[in-house]
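Here is a short report on a protein model. Look at the chain first, then read on.

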Amino acid sequence: MAQTTHVWQVVQAWLDLLQYPPSQSKLAERIGLVRSAVSDWKYGKSRPTPEHLRLLADEMRSVMG
């Protein structure tokens with residue numbers, strides 16, 4: 001299996017805390033991306049923009065309450 005990026009390791013740690021974590025597709029949809037874009041972050045094929053990092057942080061905060 002391919003090595004995941006630090007960004008994805010943080011996302012995965014957050015997902016692991018949730019009782020009902022969103023799928024990678026649902027997470028992508030919630031921050032305005034397609035699943036393949038999030039997969040590219042996961043495996044280092046691309047990096048999230050500052051705007052997408054902000055949206056990801058907002059999503060994490062909203063789910064955690």
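## Core and salt bridges

Leucine 56 touches Val11, Leu27, Ile31 and Trp41, leaving out residues up to four places away in sequence. Contact here means heavy atoms within 4.5 Å. The model is predicted: local features need pLDDT of at least 70, side-chain atom pairs count only at pLDDT 80 or more, and totals for chains, interfaces and linings use all residues. Residues are numbered from 1 along each chain as its sequence is written, and side-chain values use heavy atoms, without hydrogens and water.

Leu56 also belongs to the largest nonpolar core, which has 14 residues. Such a core is a set of buried Ala, Val, Leu, Ile, Met, Phe, Trp, Tyr and Cys residues joined through side-chain atoms within 4.5 Å. Buried means under 20% relative accessible area, exposed over 50%, and partly exposed in between (1.4 Å probe, protein chains only). Helix 1 gives the most to this core, with four residues. Helices are DSSP runs of H or I with at least four residues, numbered from the N terminus.

Now the charged pairs. The structure holds five salt bridges. Each is a side-chain nitrogen of Lys or Arg within 4 Å of a carboxyl oxygen of Asp or Glu. Three are listed here.

| Acid | Base | N to O distance |
|---|---|---|
| Glutamate 29 | Lysine 26 | 3.4 Å |
| Glutamate 59 | Arginine 30 | 2.9 Å |
| Aspartate 58 | Arginine 54 | 2.7 Å |

Glutamate 59 in helix 4 and arginine 30 in helix 2 are 29 residues apart, so this pair links distant parts of the chain. Glutamate 59 is buried at 11% relative accessibility. Arginine 30 is partly exposed at 43%.

Methods
Helices (H or I, at least four residues) and strands (E, at least two) are DSSP runs, numbered from the N terminus.
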